[in-house]
Amino acid sequence: MTYIVKPKLRHPALPVNKLGFTHRDYEGTVSTLCAGCGHDSISAAIIQACFELAIEPHRVAKLSGIGCSSKTPTYFLGQSHGFNSVHGRMPSVLTGANMANKDLIYLGVSGDGDSASIGLGQFVHCIRRGVNMVYICENNGVYGLTKGQFSATADKGSKSKGGASNMDTPLDLASMAMMVGASFVGRSFSGDKEQMVPLIMAAMRHPGPCFIDIVSPCVAFNNHAGSTKAYDFVRAHNEAVNRLDIMEPRDPITVEYAPGTTEEVALHDGSSLRLAKLDADYDPSDRIMAMAYLQAKAARNELVTGLIYMDRHATDMHANLNTVDVPLNGLSEKDLCPGTKALDAFNASHR
Amino acid sequence: MPTPVKSINDFVVKFANVNGSGSASANEMFARSILRMGVPVASRNIFPSNIQGLPTWYEVRVSGHGWLGRRGGVDLMVAMNPQTWDKDVASVDPGGYLFYDSSRPIPASKFRDDINVIRMPLTEICNAVYSDPRQRQLFKNIIYIGALAQLLGIEPDVLENLIGEQYKSKPALIAPNHQALRMGHDYARDNLAGACGLKVTRADGVKDRIFVNGNDAAGLGCVYGGATVAAWYPITPSTSVAEAFAKHCKKYRVDPATGKNKFAIVQAEDEISAIGAVIGAGWNGARAFTATSGPGVSLMQEFLGLAYFAEIPMVLIDVQRGGPSTGMPTRTQQADLILAAYASHGDTKHVMLFPQDPRELFEFAAQAFDLAERLQTPIFVMEDLDIGMNEWLCEPFAWDDARKYDRGKIMTADDLDAGKLFGRYLDVDGDAIGYRTLPGTHPSKGAYFTRGSSHDKMAKYTEEGDAYQEVMQRLLRKFETAKSLVPAPVIHQAAEKTGYGVIYFGSTAPAMDEALAALKEEGLHLNTLRLRAFPFSEAVSDFINAHEQIFLVEQNRDAQMRMLLVNECGVDPARFISILNYDGTPITARFIISQIAGRMTMTSREAAE
C-alpha cells in the first residue's frame with residue numbers, strides 16, 4: 001500500500017530482511033481508496049508481515065472478489081500473481097488454485113459484502129473444505145463502492161450515514177469460521193497494526209484454513225456517530241484477549257511478562273508464537289469456549305480481538321484429498337496419461 | 001389379425017419396468033447377450049426423475065444392418081409394469097408381440113386383437129421357488145431374460161458367461177442366477193414353442209466395437225487429456241461424468257509407490273463454486289474441468305464471462321437435457337446451444353464441440369484440454385443425455401502414445417530471464433493469443449493481475465475506450481484462430497448430384513445415417529455435413545451456399561443451430577428447412593425420413609407442375 005508515488009531509487013540504508021528484500025519489494029501500486037480508509041492500513045500490515053517473514057513475494061498468490069476490499073491486492077505484493085475474480089466467489093477460485101499448486105501461499109482478501117452476503121456460501125464451504133489459506137475479511141459494515149448500504153455484518157441498531165437504523169441481525173464471520181472448521185481464527189482492527197501484523201504472520205505459517213476478521217472503518221460511509229464500525233466506536237469497545245509475537249528459533253526474549261501470563265506455541269516451521277494473555281482465562285486452543293466467549297462479549301457490545309482460536313494439529317484439503325507431494329500443475333503426460341495399453345484393456349472389458 | 005411379425009436380427013424390444021426393481025442390470029445383460037451373438041444393438045433407457053417406484057423403460061433395437069439410432073415402434077413389449085399397461089400395449093406395432101406376467105388375470109378388454117400375446121406366469125414360478133421378497137423380485141428379472149433368450153434363440157452359454165463375468169467378484173451369486181436363467185429358458189421351451197417370430201442368429205456385425213456409455217467415455221477422456229482438477233455439483237444427467245472420472249483416476253492415477261493421488265476432485269456446494277474452482281485451477285496451470293447440465297450452465301454464466309475476458313483455460317462438459325427450467329431432467333435434447341455459445345453478459349463467444357457418440361466424446365474430451373490451453377478460453381463439450389447415459393456400440397477408443405499435450409503459450413522463468421517481453425494480452429504471434437505466466441514462476445518478472453474488469457494488453461486496469469476495444473477486437477480475432485483448431489465438419493457427397501443438403505450434429509448421427517440410407521433407396525439424394533464444432537469454419541458456409549435447400553436437423557424447439565449458422569455465417573435463412581425433434585426422446589430415423597422425404601417429393605412434384 002502506498003499513498004504517494006515513491007521514487008524508484010532506494011536508499012542504501014533501507015532495512016532488508018534475510019532474503020535481502022526491502023519493504024518496498026513487497027509494495028504494490030498506489031492505492032485508489034479514500035484517504036484514511038482502514039483497508040490501506042491492512043494492506044500495510046500485509047506488506048509488513050510478508051517482509052518480516054521474508055516470504056518470496058512471487059510465492060504468494062493473492063485473490064479477491066469484488067468491492068473496495070477486493071481492490072486492495074493491487075496495492076501490495078506487486079511481484080505476486082493476483083486475481084480479482086467475481087463478487088463473492090473468491091473462495092472457490094482460491095480453492096481451485098490451491099488444488100492446482102499446493103506449494104504457494106494463498107492469500108484471499110474479501111469484504112463483508114463479498115463474504116457475508118453474496119459469497120456466504122462460498123465463505124463457509126471453502127473453510128469447511130480445509131483449504132490452506134489466509135482469508136482476510138476487511139469488515140466495515142457497509143457497501144462502500146455503491147455508497148453506503150448496510151452489509152450483513154452491520155450491527156443491529158447501527159446507524160447509516162443518512163440516519164437509518166439497521167434492523168437485521170448481524171452475521172459474525174469469526175464465529176461462523178470456527179463453527180465450520182477454520183483451524184486459525186483471528187480478529188483485529190485496522191487501527192491496530194501491532195496486533196494485525198503478528199496475526200497475519202502467524203496465519204501465513206499456519207497449514208490450514210485461516211480466517212482473520214479485521215474491522216476496518218469506512219471513512220466515507222461508516223465512520224460517524226451511531227455506527228458500530230467507526231474508528232471511535234471500535235477503539236472504545238475493543239477487547240483484546242491476547243497480544244502476539246512471532247519468534248524465530250533463536251530470537252532472544254526481550255520483553256518480560258509476569259509469570260503465567262504468557263504462553264509459547266510452537267509453529268510448524270520451527271518458529272513459535274508467544275501469546276501475551278490479556279485475559280488470563282482465555283484459552284485459544286479451546287474452540288467451544290472461544291465460540292461462547294465471542295457470543296458473551298458480543299452481547300455486551302464488546303469486540304473480541306486477538307488470536308481467537310488455533311488448532312495446533314491442523315491439516316488441509318490436500319491431506320483430505322491425499323494428493324501427491326508435488327503440485328498437480330507440474331505433472332506431465334508421463335504422470336497423467338494411462339496410455340494405449342490401459343486403453344486396450346478398457347476396450348476389451350466393454351465387449 | 002395381421003400376420004405376426006417375422007424378423008431375423010432386425011426388431012425392437014421394449015421393457016416396461018418399475019424403477020428400482022433391479023431390472024436395469026438384467027435388461028442390459030439381455031442387450032449384451034445379443035452383441036455377443038455378433039448382432040449390433042442400440043439400447044436406450046427411458047427413465048423418470050425418481051429412485052424407486054415410477055415407470056422406467058429400456059429399449060433394445062436389434063439391427064443386423066448396424067443402425068444404432070432409435071427406429072421408433074416396438075415389435076416385442078415386455079410388459080412388467082401394471083401402471084403403464086395400457087400405454088405399453090398401445091405402443092406395440094400391429095403384428096408385434098406382448099410378453100407379460102400372466103400370474104394374475106387381466107380382463108380381455110385390456111388386450112388388442114392385432115398383436116400376439118405371450119403369457120408366462122412369472123410371479124407364480126418365482127414364488128414357488130423363492131421365499132425372500134427381494135430374491136423374488138431380482139430373480140424374476142433373470143427368469144424373464146432366460147425365457148426371452150429361448151424365444152429369440154439367444155444361446156444359453158452366452159448369457160451364462162455374462163453372468164459369470166458380472167459376478168466374478170461375488171461367485172456365490174453365479175449358480176443361483178444360472179438356475180433362474182434355466183428356469184425361464186425351460187418354461188419357454190416347454191410352453192411357448194413357436195410363440196415368437198423374432199429371432200437372433202449369430203452374425204459378424206459387431207467386430208471389435210465396444211459397448212459403452214458417453215459419460216464413462218467423457219470421464220476417461222478427461223483422464224487421458226491430463227485433467228488433474230475436477231470440481232462439480234451433482235445434476236442429472238451429468239453426475240456420472242464426474243463419477244466416471246473419479247473411478248478412472250482411482251484406477252490409473254494413484255502413484256503406486258506412495259498411494260497418493262495425481263488428481264484432486266471437489267464436489268462443490270453449487271455449480272457456481274464448481275466453475276470457480278475450475279477457473280482458479282486453470283489460471284494456476286492445472287488442466288481442470290466441470291461437468292454439468294443446462295441449469296448448471298445457467299448458474300455458471302457470470303464466471304464464464306470472466307474466463308472468456310480474463311482468458312483462462314477451462315473445460316465444461318454439458319450433458320444436455322430437456323429444458324427450460326427444470327424441464328425434463330431425464331430426457332434428452334440439444335437445447336443449450338445458444339446458452340453456451342454466447343454465455344454470460346456482454347459480448348462473448350465460446351468454443352463448442354459436438355461429439356456424435358461415446359468414441360468421439362472420448363476424443364473430444366481429451367482434445368478439449370489442448371484447445372482450452374492453446375486458446376486460453378472455456379471449451380464446451382456439448383454431449384447430451386442420449387449419448388451420456390445410454391450404452392452405445394461404437395468403435396474402440398484409440399490413443400497415440402507419442403501424443404504430447406499442447407500446453408499452449410506459457411512463459412517460463414528461463415524465457416523471462418532471456419529477456420522475452422511479457423505482456424499478458426499482447427498479440428506477439430499474430431494469432432491473437434497472448435503468453436501467460438503461471439503464479440510463482442519468477443521472483444521479479446512476469447507477475448500480472450488477472451481481472452474481469454476492463455484491462456489493456458499489458459493486463460493493467462483501464463477505462464480507456466481504445467485500450468478496451470483493442471482487447472475486445474483481439475478476442476474476436478482469437479475466435480477466428482479457433483476455427484482452424486477445432487475439429488472440422490465431416491462432409492459427405494451424395495452418389496448423385498443434388499441441390500439438397502442436410503446439416504446435423506451430435507447424437508442425431510446414427511438416426512441420420514439410417515435415414516440417409518433409406519432416402520437413397522427411395523432415390524432421394526442429399527449431401528451431408530456433420531458439424532463437430534463452433535465456431536464454424538469456412539467449409540460450413542461454403543456447404544450452405546452450395547445448396548438451394550438445407551435440411552437442418554436439431555433436437556430442440558427453436559432451431560438454435562440455425563440461429564447460430566445464420567448469425568455467424570451470414571447465410572440466407574431461407575435456405576434452411578428445420579427438422580426439429582424435441583419431445584425428450586432421441587430422434588428416430590423414421591421421423592427424419594418422413595420429414596425429408598415429404599419435403600423433397602413435394603418440391604419435386606411442384607417443380608414438375
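Begin by selecting S344(B), which lies in the loop between α12 and β14 (351-353) of chain B; in this predicted model, S344(B) has a positive phi of about 90° although it is not a glycine. Most residues other than glycine have a negative phi, and most peptide bonds are trans, so both kinds of exception are worth a look on this tour.

Next, select P324(B), whose place is in the loop between β13 (314-320) and α12 (337-341) of chain B, and display the backbone on its N-terminal side, where a cis peptide bond joins G323(B) and P324(B) with an omega of about -5°. Then go to P237(B), in the loop between β10 (229-232) and α8 (239-252) of chain B; here the cis peptide bond joins T236(B) and P237(B), and omega is about 5°.

For the next stop, show the side chains of E360(B) and R530(B), which form a salt bridge with the closest N and O atoms 2.7 Å apart. The pair links distant parts of the chain, since E360(B) belongs to helix α13 (residues 358-375) of chain B and R530(B) to strand β20 (residues 527-531) of chain B, 170 residues apart. A search of the whole structure finds 49 salt bridges over all chains.

Now colour chain B by its domain assignment, which gives domain 1 (7-199), domain 2 (212-394), domain 3 (413-485) and domain 4 (490-608). If you place a marker at the centre of domain 3 of chain B and another at the centre of domain 4 of chain B, both taken over C-alpha atoms, 40 Å separate them.

Bring chain A into view and turn to the interface, where 72 residues of chain B are in contact with 53 residues of chain A. Between them the two chains bury about 5,200 Å², and 61% of this area is on carbon and sulfur atoms. To find the residues of chain B that lose the most area to chain A, select E269(B), W283(B) and F449(B), which together account for 12% of what that side buries.

Keep E269(B) selected and add R129(A): the two form a salt bridge whose closest N and O atoms are 2.9 Å apart. The count between chain B and chain A is two salt bridges, alongside 27 residue pairs in polar contact, with both residues at pLDDT 80 or more. Highlight helix α9 (residues 271-283) of chain B as well, for this helix supplies eight residues, the largest share of the side of chain B that touches chain A. Coloured by class, that side of chain B shows 35 nonpolar, 19 polar and 18 charged residues.

Finish with the strands that meet across the interface by selecting strand β2 (residues 81-84) of chain A and strand β17 (residues 449-451) of chain B, which run parallel and are joined by three bridges. Within this pairing, F83(A) stands opposite T450(B) in β17(B).

How values were computed. Residues numbered from 1 in each chain as written. Chains lettered and ligands numbered in written order. Predicted model: local features only at pLDDT ≥ 70, side-chain atom pairs only at ≥ 80, totals over all residues. Heavy atoms only, no water. Contact = heavy atoms within 4.5 Å. Buried area = accessible area lost by both parts, 1.4 Å probe. Salt bridge = Lys/Arg side-chain N within 4 Å of Asp/Glu carboxyl O. Polar contact = N/O pair within 3.5 Å; in protein donor to acceptor, adjacent residues only side chain to side chain. Helix = DSSP H or I, 4+ residues; strand = E, 2+ residues; numbered from the N terminus. Nonpolar A, V, L, I, M, F, W, Y, C, P; charged D, E, K, R; others polar. Pairing = 2+ DSSP bridges. Domains from an automatic or database assignment.
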